[in-house]
Amino acid sequence: MLHQSVTLAVKRRSRIGEITGHDRAKYAQYARIVHHWVAAIGLDSTVYGTHTMRRTKATLIYKRTKNLRAVQLLLGHSKLESTVRYLGIEVDDALEISEQTEI
């Protein structure tokens, strides 16, 4: 089971695109833990890693809540368009949400 202090946004950036040394060490440690867990349950650790888990969790949260803004905040995206692209939301999904929303 994942330790509760591990969050969706593992990498904290000091400037856009730059991971600090301390954060890089935490990320590497987290990646090693995930690698060992995945291998321990018999999955291919080259297929399932930290990014796969991050994307899967974000996708599950979106599917359960349909709250793009919450997922955007959890992922640390500055633009909602980035979150939409990251999740692979299709026009059909957007139309379905729109149809379910009463005014």
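Student: How many aromatic pairs does the structure hold?
Tutor: The structure, which is a predicted model, holds 0 aromatic pairs. A pair would need ring centres within 6.5 Å.

Student: What makes the charged end of Arg55 count as sitting over the ring of Tyr86?
Tutor: The charged end of Arg55 is 4.5 Å from the centre of the Tyr86 ring. The distance limit is 6 Å, and the charge must also be within 35 degrees of the ring normal. Arg55 is therefore listed as sitting over the ring of Tyr86.

Student: Which residues make the nonpolar surface patch, and what is its area?
Tutor: Ile41, Leu43, Val47 and Tyr48 make the patch, which covers about 390 Å².

Student: What makes Val47 eligible for a patch, and why is it called partly exposed?
Tutor: Val47 has a relative accessible area of 47%. Patch members need over 30%, so Val47 passes on area. Exposed would need over 50% and buried under 20%, so at 47% Val47 is partly exposed. Val47 is placed in the loop between α1 (21–40) and α2 (50–65).

Student: Where is Thr59, and why is it not called buried?
Tutor: Thr59 is in helix α2. Its relative accessibility is 21%. Buried means under 20%, so Thr59 counts as partly exposed.

Student: How far apart are Thr59 and Leu87 in sequence and in space?
Tutor: Thr59 and Leu87 are separated by 28 residues in sequence, and their C-alpha atoms are 6.1 Å apart.

Student: Why is Thr83 called buried?
Tutor: Thr83 has 0% relative accessibility. The limit for buried is under 20%, so Thr83 is buried. Thr83 belongs to helix α4 (residues 80–87). Beyond residues up to four places away in sequence, Thr83 touches Leu68, Val71, Gln72, Leu75 and His77.

Student: Why is His77 buried or exposed, and which residues is it in contact with?
Tutor: At a relative accessible area of 18%, His77 falls under the 20% limit and is therefore buried. Its place is the loop between α3 and α4. With neighbours within four places in sequence left aside, His77 is in contact with Gln72, Ser82, Thr83 and Tyr86.

Student: What is notable about phi of Lys66?
Tutor: Phi of Lys66 is near 60°, which is a positive value in a residue other than glycine. Lys66 lies in the loop between α2 and α3 (68–75).

Student: Why is Lys66 called partly exposed?
Tutor: The relative accessible area of Lys66 is 35%. Buried ends at 20% and exposed begins over 50%, so Lys66 is partly exposed.

Student: How many helices and strands does the protein have, and what is their order?
Tutor: The protein has 5 helices and 2 strands. From the N terminus, the order is β-β-α-α-α-α-α.

Student: What do the totals say about burial and surface?
Tutor: Of 103 residues, 16% count as buried. The protein exposes about 8,000 Å², with carbon and sulfur atoms supplying 56% of this area.

Student: What share of the contacts with a separation of 6 or more comes from residues 24 or more positions apart?
Tutor: Such residues account for 36% of those contacts.

How values were computed:
Residues are numbered from 1 along each chain as its sequence is written. This is a predicted model: local features need pLDDT of at least 70, side-chain atom pairs count only at pLDDT 80 or more; totals for chains, interfaces and linings use all residues. Side-chain values use heavy atoms; hydrogens and water are left out. Rings of Phe, Tyr and Trp (its six-membered ring) pair if their centres lie within 6.5 Å; planes under 30 degrees apart count as stacked, over 60 as edge-to-face and the rest as tilted. Patches are made of residues with over 30% relative accessible area and no salt bridge: like charges are joined within 9 Å, nonpolar side chains (Val, Leu, Ile, Met, Phe, Trp, Tyr) within 5 Å. Accessible areas come from the Shrake-Rupley method with a 1.4 Å probe; for residues, only the protein chains shown count as cover. A salt bridge is a side-chain nitrogen of Lys or Arg within 4 Å of a carboxyl oxygen of Asp or Glu. Helices (H or I, at least four residues) and strands (E, at least two) are DSSP runs, numbered from the N terminus. Buried means under 20% relative accessible area, exposed over 50%, partly exposed in between (1.4 Å probe, protein chains only). Contact means heavy atoms within 4.5 Å.
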